[in-house]
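Visitor: I'm new to this one, and I'd like a close look at a single part. Could you pick a helix and walk me around it slowly?

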Amino acid sequence: MAQAHATIATVRSLVQALQAIRTHQKLPCAVTFEAAAGLSLRFLDGGHAMQSGISLSTSVFSQFQAPASLTFFVPLSMLLDSINTVASSMPHELHLQYPGPDNSLLLTTTEDASARTSICSYAKVATLAQQDMSSLDDMWDPQEVCSQVILSAIEDLEWTGGEVEFVMRRSPMHFSLQSIKQQSLEITFPAHALDGFSCHTEEVRATFKYKHLKAAFTNVAQKELWSAKIAISSRGVLRVTHMLTLAGGAPLASLEAQPLLGTLTSQAHAPRTCIVKFVVMPYDEKGDAGFGGDDD
Amino acid sequence: MKFKAVLSDRGLRVLEKGFLPTLEKLGKRCQLLLSPEDVHLIQAVADTDGLQVTARLANVVLFEEEGFKCQSRYNNQIAFSVDIALLLKVLRAAVGHDADALEMKLAMRSVPCTGAGGPTQQRPTLAFSWRGHNVTMVQELPISQPYSQRDVEELVRQRDIASLSPFYIDLQDEALADKMKGMSSELLMVTTRHGDLHLQVHTAGVEFGTEIRGLSVLPATAREGLEPIQGETPEQRLQEVQAVGESAQVVLLQRHLAKALHSSQLTQPAQLLCGIAERGTHVHMMFVYRDPFSDGGYDDHVSLCIKLPVRDSEDALYGAPG
């Protein structure tokens, strides 16, 4: 069986980026090593109404060896705990290897070798049986993208109801969040605060569970070098993409420093970025929304 | 039975800032064993949640030479137990008032029995008297009945039980055990003659390990004739030393290890020696202190030892010792 090895030097920022998907549930998480794309984690949350994921491009790693595509499953909370535990001494490098002993995912840290005493921590995370989990982007038809916005202020909103409605209008340019329950709350974002707005139809309305939105927006710990992109498809599926630049480690390539790429929302992602993606199914009162293979 | 002494400044500081707060974290009460040479502060297994703690402070550290008296029919040894929080309260009050010449002595105090006019009862106390800037204070600390000869002998036997382990490693890092916090209640600890420490936690679905290499080993002879370790990963290195029998291992409670290591916080030992007893019957930790009055030398007037219990049979999870 092909082996995947990856070494990451910016352990601190990795831990920080992973906080964006913190969860206390023992959800199965798909871990994918891809020679071209890097490492990604994906899991279904909130009764299959939301899929979250984080992907780290190969440039984040100081060493990355993988077959074309290799996917296995581990319990998400266990994976995050393990990374936090082995990284707690702020090691020099974190090394991931699959398959390790007993088909486990092996995490190993190495310390600065010049020190007199060295601490080396490791964790063997037992893998789960193969699961049926469709890819994030299978749910997505890029033709239907109707809005592309950078938001800086979704968090800290206390919504009165359990659902939040997104409203977008093409002309005049309008984007607002509404909650309609016993009390109503509406937040309209000024047009100049939106970057790269586009709306393919006259008006788009979609409703989502607040708890999913909260998970999708508020856990991102890193506030610098961060941008977010929101898109809603014609079927009402929300996609939130956070782009984080992992700090530390090797200096950034000079290309990134130049404004040649236009905006950060450009498809040509700067290297060294970590992408955290959330795909949220629209809230449906009948409750039949969900990803394929819904079993609850 | 007579005990009378004047606490020295250093003695007051060592007790009030270092040893008593340390012991207070491990248990409510401690037993005092007084003798003409030294004072032992002892917490038996029943006083803590399973650790046995012995602090030894020589009388030259604690007391002024003048006016010291410690006499009893049992080899001039006196033992009793006190509530640590109360004792600390008395000492802190004295420190707060810049007490001069803090005298302590054993005394009996008559207290009336409950009910008016009843017969009085004799209660043993440790009486403290001191003069501060504007205040003269006498405080009587209730203590247990002084131990009988048999109890004193038993306490002395407990104190001396900690036989030395074949070798010790100097842990230095008190935060070690915290890494594994919350993972599991038990962990496997392996010390090697090479100066490596391995900690492992096995829980359902995930195994954790930490290896610390390059720690000092005592006695130095423990390293004699050792082959260098070849293994490339921590686990290979562990298996290698297990195979040739250059390691010792036990399974112990994470909570115990964390408490014992944290005990070094207030007393600032120069070395935090950790050894596994012959046949893995217990873990022996010795805190070694530097002599404040000489450069580089260790102070044999002050020491703190903690004996940690181990799990009876090594859990099947951790495999048999090599």
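Guide: Here is a walk around one helix and then outwards to what surrounds it. A word on the ground rules: this is a predicted model, where local features need pLDDT of at least 70, side-chain atom pairs count only at pLDDT 80 or more, and totals for chains, interfaces and linings use all residues. Residues are numbered from 1 along each chain as its sequence is written, while chains are lettered from A and ligands numbered from 1 in the order in which they are written.

Let's stop at helix 5 of chain B, residues 234-243. Helices here are DSSP runs of H or I with at least four residues, strands are runs of E with at least two, and both are numbered from the N terminus. The buried residues of this helix are B:Pro234, B:Glu235, B:Arg237, B:Leu238 and B:Val241. Seen down the axis of helix 5 of chain B, these buried residues fall within an arc of 160°, so they line one face of the helix. (That arc is taken from the directions from the helix axis to the C-beta atoms. Buried means 20 or more other C-beta atoms within 10 Å of a residue's own, exposed means 12 or fewer, and partly exposed is in between, with C-beta atoms placed from the backbone.) Turn to the face away from the buried side and you'll meet the exposed residues B:Gln236 and B:Ala243. After the helix comes B:Gly245, with a positive phi near 70°.

So what sits over that buried face? The cover includes strands 11 (186-192), 12 (197-203), 13 (206-213) and 15 (247-253) of chain B, plus strand 9 (118-125) of chain A.

Take strand 11 of chain B: seven of its seven residues are buried. In a regular strand, side chains alternate between the two faces of the sheet. In strand 11 of chain B, both faces are covered, with B:Glu186, B:Leu188, B:Val190 and B:Thr192 buried on one side and B:Leu187, B:Met189 and B:Thr191 buried on the other.

Its neighbours come next; strands count as paired if DSSP finds at least two bridges between them. Strand 11 of chain B pairs with strand 15 of chain B, antiparallel, over seven bridges, and there B:Thr192 has B:Ser247 as its bridge partner. Strand 11 of chain B also runs antiparallel to strand 12 of chain B, joined by four bridges, with B:Met189 partnered by B:Leu199. The hairpin of these two strands has four residues between them, and B:Gly195 in it takes a positive phi near 95°.

Now for the other chain. Strand 13 of chain B pairs with strand 9 of chain A in the antiparallel sense over eight bridges, and one of the bridges links A:Ile119 with B:Ile212. In total, 13 residues of chain B are in contact with 17 residues of chain A, contact meaning that C-beta atoms, placed from the backbone, lie within 7 Å. Strand 13 of chain B gives the most to chain B's side of this meeting, with eight residues.

Finally, step back to chain B as a whole. Chain B has seven helices and 18 strands, and of its 322 residues, 40% count as buried. Its C-alpha trace spans about 75 × 50 × 35 Å along its principal axes.

Terms used. Contact = placed C-beta atoms within 7 Å.
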